[in-house]
Amino acid sequence: MENNELPACPVETTLTLIGNKWKVLILRDLMPGSKRFGKLQRSIGKISQKVLTSNLKEMETKGIVHRKVYAEVPPRVEYSLTDLVKSLKPILDSMWNWGENYKRTIQ
């Protein structure tokens, strides 16, 4: 996605890049560090291989996720967040806190 294709509104830009449930959960689970595909899939939970693969490819294309392939047999691939995206940690922490507060409030 070219810069001139991005929405004018910064909030809309952010939602365009990470605005679905799976992408936010991928961010959450890669925030502590890199993970292999299988471990990432297990940590996220009820996500199919196809959906995880397509989200990771899209996030890699947009510069959100870095994919590192090791020259081993069998090949090993690890996914990590780019430095720019790591700056979303305070936002994810706020979402965590808000969700915890919401659950306490409605119970």
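Buried means under 20% relative accessible area, exposed over 50%, and partly exposed in between (1.4 Å probe, protein chains only). The model is predicted: local features need pLDDT of at least 70, side-chain atom pairs count only at pLDDT 80 or more, and totals for chains, interfaces and linings use all residues. Residues are numbered from 1 along each chain as its sequence is written, and side-chain values use heavy atoms, with hydrogens and water left out.

**Exercise 1. Describe the overall build of the protein.**

Solution.
- Step 1: elements. The protein has six helices and three strands. Helices (H or I, at least four residues) and strands (E, at least two) are DSSP runs, numbered from the N terminus.
- Step 2: order. Along the sequence the pattern reads α-α-β-α-α-β-β-α-α.
- Step 3: extent. Taken along the principal axes, the C-alpha atoms fill a box of roughly 50 × 40 × 25 Å.
- Step 4: burial. Of the 107 residues, 27% are buried.
- Step 5: contacts, meaning heavy atoms within 4.5 Å. Among contacts with a separation of 6 or more, 45% come from residues 24 or more positions apart.

**Exercise 2. State what the UniProt record annotates, and describe that stretch.**

Solution.
- Step 1: an unreviewed UniProt entry carries the annotation "domain: HTH hxlR-type" for residues 9–107. UniProt positions are given in the numbering used here, feature names are shortened, and annotations may be inferred rather than shown by experiment.
- Step 2: over residues 9–107 the chain is 63% helix and 14% strand. The end C-alpha atoms lie 36 Å apart.

**Exercise 3. Work out how α1 packs on α2.**

Solution.
- Step 1: the descriptors. Two packed helices are described by the angle between their axes and the distance between the axes. Axes are lines fitted to C-alpha atoms, for helices over the stretch in contact, and angles run from 0 to 180 degrees between N-to-C directions.
- Step 2: the values. Helix α1 (residues 10–18) and helix α2 (residues 21–30) pack at about 85°, with axes 8 Å apart.
- Step 3: the class. That makes α1 roughly perpendicular to α2. Angles under 35 degrees count as roughly parallel, over 145 as roughly antiparallel, 65 to 115 as roughly perpendicular and the rest as oblique.
- Step 4: the residues. T16, L17 and I18 of α1 meet K23, V24 and L27 of α2.

**Exercise 4. Follow the packing from α2 to α3 and on to α4.**

Solution.
- Step 1: α2 and α3 pack at about 115°, with axes 10 Å apart. They are therefore roughly perpendicular to each other.
- Step 2: W22, L25, I26, R28, D29 and L30 of α2 make the contact with L40, S43 and I44 of α3.
- Step 3: the axes of α3 (residues 37–44) and α4 (residues 49–61) come within 11 Å and cross at roughly 110°. α3 and α4 are therefore roughly perpendicular too.
- Step 4: F37, L40, Q41 and I44 of α3 meet Q49, L52, T53 and L56 of α4.

**Exercise 5. Place I26 in its surroundings.**

Solution.
- Step 1: I26 is found in helix α2. At 0% relative accessibility, I26 counts as buried.
- Step 2: leaving out residues up to four places away in sequence, I26 touches L40, I44, L52, N55, L56 and M59.
- Step 3: I26 and L40 are 14 residues apart in sequence, and their C-alpha atoms are 7.6 Å apart.

**Exercise 6. Locate the cis peptide bond.**

Solution.
- Step 1: the cis bond joins V73 and P74, with omega about -5°.
- Step 2: P74 sits in the loop between β2 (65–70) and β3 (76–81).
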